[in-house]
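Open the model in your viewer and keep the selection panel at hand. The tour moves from the ligand to its surroundings, then on to another site.

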Amino acid sequence: MTEHILIERHASHPDVQIIRFNRPEKKNAITRAMYSKMAEALTAANDDATIRVTAFLGTEGCFSAGNDLGDFLAVAMGGGMPREIIDFLYALVRSQKPLVSGVDGLAIGIGTTMNLHCDLTIASTRSQFRTPFVDLALVPEAASSLIAPRIMGHQRAFALLAAGEPFSAEEARDAGLVWKVCAPDEVEAATLSAAAKLAAKPPEALRIARELIRGDQAEIIARIDEEARQFSARLHSAEARAAFEAFMRR
Ligand code: COA
């Protein structure tokens, strides 16, 4: 089990599970083992009545730099699409408990798109959201090609997901990717306070309300599968391999 993901409980609200990225020396880039640990924690929470909400947090100044590019390079050299990524995405979609996230600083790739599956995201003023998929010769993932245009419209979704334009915290809030923006030193407390407030609500009513708001799960899963098919093919392309090698050589 990797120590790069910490599974904790909120000290004063133990019904809030915290999943924390803990690989700051690599900007919280996510390895296969990290995806697995997060998927397990999300799945276990569905059957654990002592968990009412899950909160994602990063480390100071960094939420996550996205998928570990060394892992992507390994796939480009001949492996298959990491199953752990798909399992994590399914677990996000199938989570029966509300998901909140607190972003302080970098949120790249899946560090951005996973917030589309969170019910409340709080970001610090110094946060930056960016998905350089196309620059890496890849395509959008996490059903972002379905959810982002719905919430922010074609132009902003295209700017984010295809053009790879960075979004500030305020731009992300205006686009509907983020609920609230606050000072960096307030992100964690604000996120956990939002989580604790949700955890105090009648759980069954909250579960049903959440399902109604989130819409058709099967459609989201189908888009994840379709994106994964394209993504997998792109991972094996010469242009993607060149992009990963260029990053690893820096
Ligand atoms: N995968 C693997 N390692 C990563 C990484 C990633 N996605 N992002 C950062 N790292 C590593 C760097 O290789 C570096 O490792 P080293 O100290 O052993 O050389 C360490 O994290 C620190 O990163 P560094 O690039 O020195 O920090 P920075 O502040 O100059 O830049 C980023 C930070 C995030 C802007 C830059 O690292 C970056 O662009 N990373 C790639 C992001 C990306 O494309 N993600 C995939 C999206 S699909």
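The stops below go from the ligand outward. Bear in mind throughout that this is a predicted model.

**Stop 1: the ligand shell**

Select the ligand and show the residues around it. There are 17 of them, and K26, A65, N67, L69 and R250 come nearest. Now colour this shell by class. Nine residues are nonpolar, two are polar and six are charged.

**Stop 2: the backbone contacts**

Which atoms of A65, N67 and L69 should you pick here? Pick the backbone N and O atoms, and set distances to the nitrogen atoms of the ligand. For A65, a backbone N or O atom lies 2.8 Å from a ligand nitrogen. For N67, the distance from a backbone N or O atom to a nitrogen of the ligand is 3.0 Å. For L69, a backbone N or O atom is placed 2.8 Å from a nitrogen atom of the ligand. Next, switch on the surface. The ligand taken alone exposes 860 Å², and the protein buries 66% of that.

**Stop 3: the largest pocket**

Hide the ligand and look at the space around it. The ligand sits in the largest pocket. That pocket has a volume of about 740 Å³. Its lining counts 34 residues, with A29, A65, N67, L69 and F247 nearest the centre. A65, N67 and L69 are also among the residues that come nearest the ligand.

Now show the cartoon. Helix 2 (69-76), helix 3 (83-94), helix 9 (217-235) and helix 10 (238-249) are the elements that give two or more residues to this lining. Which helix gives the most? Select helix 9: it contributes four residues. Colour the lining by class to see 22 nonpolar, four polar and eight charged residues.

**Stop 4: the second largest pocket**

Leave the ligand and centre the view on L116, C118, D119, I213 and R214. These lie nearest the centre of the second largest pocket, which is lined by 23 residues. Its volume is about 520 Å³.

For the secondary structure here, select strand 7 (120-124), helix 5 (144-161) and helix 8 (203-214). Each supplies at least two residues of the lining. Helix 8 has the largest share, with five residues. By class, this lining has 15 nonpolar, four polar and four charged residues.

**Last view**

Show both pockets together. Keep helix 9 highlighted for the largest pocket, where it gives the most to the lining. Keep helix 8 highlighted for the second largest pocket, where it supplies the largest share.

Key
Residues numbered from 1 in each chain as written. Predicted model: local features only at pLDDT ≥ 70, side-chain atom pairs only at ≥ 80, totals over all residues. Heavy atoms only, no water. Near = heavy atom within 4 Å. Polar contact = N/O pair within 3.5 Å; in protein donor to acceptor, adjacent residues only side chain to side chain. Areas by Shrake-Rupley, 256 points an atom, 1.4 Å probe, with all protein chains shown as cover. 1 Å grid on protein atoms, 1.4 Å probe; cavity = no way out; pocket = protein on both sides within 12 Å on 5 of 7 lines; lining within 4 Å. Sits in = over half its atoms within 2 Å of the grid points. Nonpolar A, V, L, I, M, F, W, Y, C, P; charged D, E, K, R; others polar. Points joined across faces, edges and corners; volume = space filled by probe spheres on them.
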